[in-house]
Amino acid sequence: MKKLVKIIGNLCFIAVLAVLGFLVLTTVKGDSPALFGYRMLHVISSSMEPEIQENTCILIRSVDADELEVGDIITFVSTDPSIYGYYNTHRIYDIYKNDEGIRCFVTKGDANDYPDVYDVTEDRILGVYLREFPGGRALGSVISRLHERNVYFLVVILPLLLCLVSYVWQLGRALGTRRQEEQHQELDEEDQKEE
């Protein structure tokens with residue numbers, strides 16, 4: 001029973017490490033994994049100040065475009081050529097349907113003087129802003145630092161490597177102990193046969 005609990009504990013440990021590694025790597029690469037429809041994003045501009053501070057982490061929730069209203073803050077995949085394909089978080093300034101009957105959202109950063117030039121179609125919306133992530137500014141600073149190669153290595157890669165080495169070492173010890181026990185058992189059996 002103890003072996004089963006130990007094996008389950010080791011598997012859980014490996015699973016947690018894998019999930020944490022995945023989350024950290026995707027965040028550093030600029031991607032944002034969704035977990036139960038929620039995402040944590042790192043805001044890198046001041047366009048939404050004072051509502052959302054630059055270099056903070058926010059929490060967004062997937063939303064049906066029909067639920068959105070003027071004044072909501074949304075995160076969307078930008079079509080602006082200067083940031084094409086990147087996530088952008090701005091407030092809905094206006095909503096209209098274009099000539100093809102597609103709902104379009106005019107957005108504007110709170111700190112910007114004018115609305116965005118490129119409107120957002122509902123298929124490009126990732127979610128609606130909920131709030132700053134708890135400890136969002138501190139976490140945002142850490143994520144910004146992770147973009148530096150040396151810091152990334154020290155904070156992410158080195159601890160993961162140390163955990164992996166530790167796990168392999170423990171596994172090797174356990175296998176060595178098991179082999180010794182088997183050898184002792186074989187010797188005991190041989191001694192019993194000789195008697």
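Q: Two strands are said to pair if DSSP finds at least two bridges between them; on that footing, what makes β4 and β5 a pair in this predicted model?

A: Strand β4 (residues 87-97) and strand β5 (residues 103-108) are joined in the antiparallel sense over 6 bridges, and because the rule asks for at least two, they count as a pair. One of the matches sets I95 against F105 in β5. The hairpin that these two strands form has 5 residues between the strands, and G101 takes a positive phi near 80° there.

Q: Why are β1 and β6 said to stand at the edges of the sheet?

A: The sheet is open and has 7 strands in the order β1-β2-β7-β3-β4-β5-β6, with antiparallel pairing. β1 (38-43) and β6 (120-121) each have a single partner strand, so one side of each is left without a neighbour in the sheet. For β1, the antiparallel pairing is with β2 (residues 56-61), over 6 bridges, and L41 stands opposite I58 in β2. Further along the order, β3 and β4 pair over 5 bridges, where T75 has T89 as its bridge partner in β4.

Q: What makes R91 and E51 a salt bridge?

A: The closest N and O atoms of R91 and E51 are 4.0 Å apart, and because a salt bridge is a side-chain nitrogen of Lys or Arg within 4 Å of a carboxyl oxygen of Asp or Glu, the pair is counted, at the limit of the rule as the distance is given. R91 lies in strand β4 and E51 in the loop between β1 and β2, so the pair ties together parts that are 40 residues apart in sequence. R91 also forms a salt bridge with D110, and here the closest N and O atoms are 2.8 Å apart; D110 belongs to the loop between β5 and β6, 19 residues from R91.

Q: Which residues are joined into one network by salt bridges that share partners?

A: The network consists of E51, R91 and D110. The chain has 4 salt bridges by this rule, and another of them is formed by R103 and E122, with the closest N and O atoms 3.5 Å apart. Since R103 lies in strand β5 and E122 in the loop between β6 and β7, this pair ties together parts that are 19 residues apart in sequence.

Q: How do you know whether R91, E51 and D110 are buried, partly exposed or exposed?

A: The relative accessibility is 24% for R91, 43% for E51 and 28% for D110. Buried means under 20% and exposed means over 50%, with partly exposed in between, so R91, E51 and D110 each count as partly exposed. E122, with a relative accessible area of 35%, is partly exposed too.

Q: What makes F105 part of a nonpolar core, and which residues outside its sequence neighbourhood is it in contact with?

A: A nonpolar core is a set of buried nonpolar residues joined through side-chain atoms within 4.5 Å, and F105 belongs to the largest one, which has 10 residues in all: V63, A65, L68, I74, F76, I92, F105, V120, I125 and V128. β3 (73-77) and β7 (125-132) each supply at least two residues of this core. Leaving aside neighbours within four places in sequence, F105 is in contact with A65, L68, I92, D94, I95, D119, V120, E122 and I125. Apart from this core lies another, of 9 residues, among them L41, M48, I52 and I73.

Q: Why can V155 belong to a nonpolar patch on the surface?

A: Patch residues must have over 30% relative accessible area, and V155, in helix α3 (residues 149-194), has 48% relative accessibility and counts as partly exposed, so V155 passes that cut-off. The patch is formed by F153, L154, V155, L161, L164 and V168, with about 560 Å² of accessible area together.

Q: What backbone features are found at P50 and N55, and where do these residues lie?

A: P50 is joined to E49 by a cis peptide bond, with omega at about 10°, and P50 is placed in the loop between β1 and β2. N55, also found in the loop between β1 and β2, has a positive phi of about 60° although it is not a glycine. With a relative accessible area of 24%, N55 is partly exposed.

How values were computed: Residues numbered from 1 in each chain as written. Predicted model: local features only at pLDDT ≥ 70, side-chain atom pairs only at ≥ 80, totals over all residues. Heavy atoms only, no water. Helix = DSSP H or I, 4+ residues; strand = E, 2+ residues; numbered from the N terminus. Patch = residues over 30% accessible without salt bridge, like charges linked within 9 Å, V, L, I, M, F, W, Y side chains within 5 Å. Areas by Shrake-Rupley, 256 points an atom, 1.4 Å probe, with all protein chains shown as cover. Buried < 20%, exposed > 50% of the residue type's maximum accessible area, 1.4 Å probe, protein only. Contact = heavy atoms within 4.5 Å.
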